[in-house]
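This report describes a protein model for a reader at the bench. It treats the open and enclosed spaces, then the sheet, and then a few individual residues.

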Amino acid sequence: MTADSGTHTGREGIGPPVASRTPELVLCAVDEPLATAWTAAAEAVDGTVRVHRGSVLDVLAQAVVSPANSYGWMRGGIDAVYARAFPGVEQSVRSAVLAFHGGELPIGEAVVVPTGEAAPAWLISAPTMREPGEHLPADTVHPYLAARAVFQQWRDGRVDRGRLCDLVDTIAMPGLGTGVGGVEPATCARQVAAAWEEVFGTRRIPSAR
């Protein structure tokens with residue numbers, strides 16, 4: 001099976017960003033430790049960033065983030081939820097990874113595939129681990145690399161229907177590596193905030209309390 005129509009895996013253009021705005025980023029958490037960490041991250045950045053306590057699928061968004069593995073398997077955690085909600089999306093991801101990356105999507109890259117639904121219409125797969133079920137070390141930077149790939153895809157990526165930034169206003173993001181990967185929620189949140197700062201150049205330091 002080849003990659004579905006609309007799939008794209010690279011970032012277009014070298015030079016200035018193609019977008020002069022930022023997306024709305026909804027940071028999703030089903031547990032309180034991650035929600036607390038996400039709240040600190042949302043307060044640390046400029047732009048439209050908010051926290052949703054609940055399932056990523058409850059958010060009205062045009063794109064959702066899959067913190068997958070480098071081979072596109074979607075058998076555990078939030079990826080399994082996506083696979084059940086969007087039949088065929090796992091095969092779309094794996095086909096895109098095979099077609100554009102030789103079967104292994106490096107950490108720090110992302111692919112965008114259609115979900116087959118009206119909303120969210122797109123799934124951005126950005127691996128946080130190479131192998132399925134991999135436990136990440138305490139000093140990992142994979143959440144940062146995955147988040148940066150997501151934001152770069154939104155800013156620079158294209159699909160058959162046009163620029164991703166013109167098609168997606170809201171991105172819903174679950175924890176990156178905080179499940180099976182074992183990344184501490186605070187570590188994930190700090191790294192996502194740092195990735196946002198790098199790609200969009202907007203961050204503020206919270207005032208001392």
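## The largest pocket

Thirty-one residues, 31 by count, line the largest pocket, and P67, G76, G77, I78 and G179 are those that lie nearest its centre. The elements that contribute two or more residues to this lining are β1 and α2 (77-85). Of these, α2 gives the most, with four residues. The space in the pocket comes to about 550 Å³. By class, its lining holds 16 nonpolar, twelve polar and three charged residues.

The terms used here are as follows. On a 1 Å grid over the protein atoms alone, a pocket is an open set of points with protein on both sides within 12 Å along at least five of seven lines, whereas a cavity is a set of points where a 1.4 Å probe fits but cannot get out; lining residues have an atom within 4 Å of a point. Grid points are joined across faces, edges and corners, and a volume is the space filled by probe spheres set on the points. Ala, Val, Leu, Ile, Met, Phe, Trp, Tyr, Cys and Pro count as nonpolar, Asp, Glu, Lys and Arg as charged, and the others, Gly among them, as polar.

The model is predicted: local features need pLDDT of at least 70 and side-chain atom pairs count only at pLDDT 80 or more, while totals for chains, interfaces and linings use all residues. Residues are numbered from 1 along each chain as its sequence is written, and side-chain values use heavy atoms, with hydrogens and water left out.

## The enclosed cavity

The count of cavities of 30 Å³ or more is one. The largest cavity has a volume of about 40 Å³ and is lined by L25, L27, A41, V45, V49, A189, V192, A193 and W196. This lining consists of nine nonpolar residues, with no polar and no charged ones. Both β1 (24-29) and α6 (185-200) supply at least two of its residues, and the largest share, four residues, comes from α6.

## Fold and sheet

The protein has six helices and eight strands (DSSP runs, H or I of at least four residues for helices and E of at least two for strands, numbered from the N terminus). Along the sequence they follow the pattern β-α-β-β-α-α-β-β-α-β-β-α-β-α. Of the 209 residues, 50% count as buried (under 20% relative accessible area; exposed is over 50% and partly exposed lies in between, with a 1.4 Å probe and protein chains only).

Six strands form an open sheet in the order β2-β1-β8-β3-β5-β4, with mixed pairing (two strands pair if DSSP finds at least two bridges between them). At the edges stand β2 (49-53) and β4 (111-114), each with a single partner strand, so one side of each is left without a neighbour in the sheet. From one strand to the next the twist averages 25 degrees (axes are lines fitted to C-alpha atoms, for helices over the stretch in contact, and angles run from 0 to 180 degrees between N-to-C directions).

Three parallel pairings are set out below.

| Strand pair | Bridges |
|---|---|
| β1 and β2 | five bridges |
| β3 and β5 (122-125) | four bridges |
| β3 and β8 (170-173) | two bridges |

In the first pairing, L27 has V51 of β2 as its bridge partner; L27 is also one of the residues that line the largest cavity. V64 has a bridge partner in β5, namely L123, and another in β8, A172. Strand β3 is covered on both faces: A63 and V65 on one side, and V64 and S66 on the other, are all buried. In a regular strand the side chains alternate between the two faces of the sheet.

## Loops and cysteines

L60 lies in the loop between β2 and β3 (63-66) and is exposed, with a relative accessible area of 70%. L60 and A119 are 59 residues apart in sequence, yet 7.2 Å apart in space, C-alpha to C-alpha. A119 is joined to P120 by a cis peptide bond, with omega about -5 degrees. P120 is placed in the loop between β4 and β5. Most peptide bonds are trans.

Where do the cysteines C28 and C165 stand, buried or exposed? C28 counts as buried, at 4% relative accessibility, and C165 is buried too, at 2% relative accessible area. The whole structure contains zero disulfides (pairs of cysteine sulfur atoms within 2.5 Å).
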